[in-house]
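Work through the exercises below with the sequence and the model open side by side. Each task is followed by a stepwise solution.

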Amino acid sequence: MSQKVISLTARQQAGQPMTPVEAIDLYGIRDWGLGYFSVNETGALTCRPEADPQDEISLVDVVERAQRLGLNFPLQVRFQNLLHHRVEAIQSAFAQAIQKTAYQNSYRGVFPAKVNQLKEVIEEILIAGQPYGSGLEVGSKAELVAALALNESSASLIICNGYKDDEYIRLALLGQQVGHHVKIVIEKVDEVERIIRLAEALQIKPVLGIRVRLASKASGPWANSSGDLAKFGLSVSEVLHAWQRLSEADLGTCLNMIHFHIGSQISDIQFFQRAAREAARYYAQLIKLGAPLECLDVGGGLAVDYDGCASTHASSMNYSLDEYAMTIVQNIQQVCNQEQVNHPMIISESGRATVAHHSVLVVEAFANVEKVRSFTLPQLQQLDDEPQVVHDTFSLRQQWLDGAEGIVVYHALLEIREASQQLFELGQLSLTSKAHIEDCFWHTVAEIAAKYHQDEDRPAEIKQLIEQLSAQYVCNFSIFQSLLDNWAIDQLFPIIPIHRLNEQPNHEATLVDITCDSEGKIESFISDRGGVGALPLHEIGEAPYYLGVFLTGAYQDIMGDHHNLFGRVNEVHVYKDASSPGGFYIEEVMHGSTIDEVLKDTQYDIKDLVRRFKFRVDQAVQEGQLGANQAYDVMSRYRKALAGYTYLTDS
Ligand SMILES: *Cc1c(COP(=O)(O)O)cnc(C)c1O
């Protein structure tokens, strides 16, 4: 691996120039970017929405234009052309695999709505997929209601998964009546009787699929989507029972598809190989029993290489898109040839791999919390009245300054600090004396850490010390809203400055968000070793400093919770356009949540809040604490705050 990302040894000199190639290397952009991201000569991070080096948009340009439109941070930037390009890339990978293997049927992709339910995202995917007859996969009534309206092309598919009540099934049948290609996937045995009853009542012959519960089990955080104890899917005997019941009810001819889904972010290609073969057996054997099957739906799971390691790490993958398509096509083909049945139409439901790349979260880092404050230590002669232990600490420091070995001084300092703590607890050391010792300790260990920085062979203790001492950059966003998987399942996301990449970063830092939650921090960053504890960043000066969090288009957008009541972030939708300044235009601006909106969502009645606060203000006036004019100002400020953006704003 070429990636030197975030290697703590590569401490750089402040202000030294950095070339685009060095920046790309340092942050591993080539490894996770799939050709969609780069760095230009001015040190700006660029997006190539169609993976074409000739067509670049600078992210800082987008941010600056959004700011002129009055949008504050955090800002979600969506590259709509990139979304389009992903749909085509997946389609073309399967088309190539089909051509290479002379597979005797076609491929169709459907987008699982739960991965990003935002209307603009789904509409763009539907437009991109129209020439290929792709469509949507839905898992709930609400998603189906949206899909029935959004799917304008009658050639497109709508695949219905998830638990289904009567209303869900009725709605799906209704969709079929108005000309949609709806396939209802049986996920639970009791759905069979429901479908039989409702199809009879409505006099419709539905198009049905069965989700099989494969024995091939995946690893990783979503492993429970397959295997004996999976929540969804029919076991072998249930599949046979369903087939029998459908035949008895004269719906045998409706059985059209076998479906499976072994989980999301499958990092090892081997699992797809086994699953495709196992599902193809179900398909072939059921055909032999008389089922008129035509399709095999291989579900989702196609991974995203978030850390760029090309490995079986949870945040990575050991295969390419082309390899994935080839594995699916070839294995289904081999089994079908062996069983002497027709090749099925292959359907896949790739969510993550379709949408992860198109969305970048831009946050502003506005404060650098240095663990060691910089100030000058007192001189020894100023400490004449201090106890021996203070003098001992300062003379250790002197030994260090006189050239003693860092690790030796470090050990001695640890010991003396421990001793001073005991004296303090016994009441034998004053607060001031303790403060002198602490200051001297931190000053000196920071210098020791800095000295070892360049040293590849530094002791493990020093390495730990360096990580402890790395600064914290405070960023204007909420991890619980915008990056839930980082907190919930330790998912790594590439994070890099989107400008100043022509300048060597001279700090190593972790990130904290603005929620009051102590878990609201990021302390693991991508590297060729899977994850490291600090990120190389620039000094924050007078000018704003922007960081991009990449690959956030899948799941993060939609799962955010209302932790600390921050709510949705501002959003811009960017289209490339050679004739516009900067090569792009902003088509859509979405404002993030206001304070009154998030309060309403959590059962507050805004009028009631205003009334109660006003009561408080009136009382203060009566008690003479506030003048009438002041009371008016207080009330209007309160009202203005209610209508404002939930995140930190300048005004
Ligand atoms: C979640 C889900 C998907 C999407 O999986 P990805 O790994 O994001 O591609 C596909 N199909 C079903 C049935 C799902 O539940």
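**Exercise 1: Positive phi at two sites**

L551 is buried, at a relative accessible area of 0%. Here buried means under 20% relative accessible area, exposed over 50%, and partly exposed in between (1.4 Å probe, protein chains only). The model is predicted: local features need pLDDT of at least 70, side-chain atom pairs count only at pLDDT 80 or more, and totals for chains, interfaces and linings use all residues. Residues are numbered from 1 along each chain as its sequence is written, and side-chain values use heavy atoms, with hydrogens and water left out.

Task: Place L551 and Q340 in their loops, and give the phi of L551 and of Q340.

Solution.
- Step 1. L551 sits in the loop between β19 (545–549) and α19 (556–559). Helices (H or I, at least four residues) and strands (E, at least two) are DSSP runs, numbered from the N terminus.
- Step 2. The phi of L551 is positive, about 60°, although L551 is not a glycine.
- Step 3. Q340 belongs to the loop between α11 (321–339) and β12 (345–348). Its phi is near 55°, again a positive value in a residue other than glycine.
- Step 4. Q340 is exposed, at 73% relative accessible area, whereas L551 is buried at 0%.

**Exercise 2: A cis peptide**

Task: Which two residues does a cis peptide bond join, and in which loop does P74 lie?

Solution.
- Step 1. The cis bond links F73 and P74, with omega about -5°.
- Step 2. P74 is in the loop between α3 (59–68) and β4 (75–79).

**Exercise 3: An open sheet**

Task: Give the order of the 3 strands in the open sheet, then find the edge strands.

Solution.
- Step 1. The order is β1-β2-β3, with antiparallel pairing. Two strands pair if DSSP finds at least two bridges between them.
- Step 2. β1 (37–39) and β3 (57–58) are the edges, each pairing on one side only.
- Step 3. β2 (residues 45–47) joins β3 through 2 bridges, in the antiparallel sense.
- Step 4. For C47, the bridge partner in β3 is I57.

**Exercise 4: Two crossovers**

Task: Trace the chain from β7 to β8 and on to β9. State the handedness of the first crossover and of the next.

Solution.
- Step 1. β7 (residues 157–160) and β8 run parallel, joined by 4 bridges. C160 faces I184 of β8.
- Step 2. From β7 the chain passes through helix α7 (residues 166–177) to β8, in a right-handed β-α-β crossover. A crossover is right-handed if, with the strands pointing away from the viewer, the path from the first strand over the helix to the second runs clockwise.
- Step 3. β8 also pairs with β9 (residues 208–211), parallel, over 3 bridges. V185 stands opposite G209 there.
- Step 4. Helix α8 (residues 190–202) carries the chain from β8 to β9, and this β-α-β crossover is right-handed.
- Step 5. Check the cover on β8 (residues 181–186): 5 of its 6 residues are buried.

**Exercise 5: Two buried residues**

Task: Are N506 and A147 buried or exposed? Find what the side chain of N506 reaches.

Solution.
- Step 1. N506 is in the loop between β15 (495–497) and β16 (507–512). Its relative accessibility is 15%, so N506 counts as buried.
- Step 2. The N506 side chain reaches the backbone nitrogen of E539 at 3.4 Å. A polar contact is a pair of N or O atoms within 3.5 Å; within protein, one must be able to donate a hydrogen and the other to accept it, and residues adjacent in sequence count only if both atoms are side-chain atoms.
- Step 3. A147 lies in helix α6 (residues 141–150). At 1% relative accessibility, A147 is buried.
- Step 4. A147 and I158 are 11 residues apart in sequence; their C-alpha atoms are 7.3 Å apart.

**Exercise 6: The ligand**

Task: How many residues surround the ligand, and how much of the ligand does the protein bury?

Solution.
- Step 1. The ligand is surrounded by 16 residues, the closest being K114, S264, E349, G351 and Y555. The cut-off is one heavy atom within 4 Å.
- Step 2. A polar side-chain atom of Y555 is 2.6 Å from a ligand oxygen. The protein buries 93% of the 390 Å² that the ligand exposes when taken alone. Accessible areas come from the Shrake-Rupley method with a 1.4 Å probe; for residues, only the protein chains shown count as cover.
- Step 3. Backbone N or O atoms also lie by ligand oxygens: one of G351 at 2.7 Å, and one of G301 at 2.9 Å.
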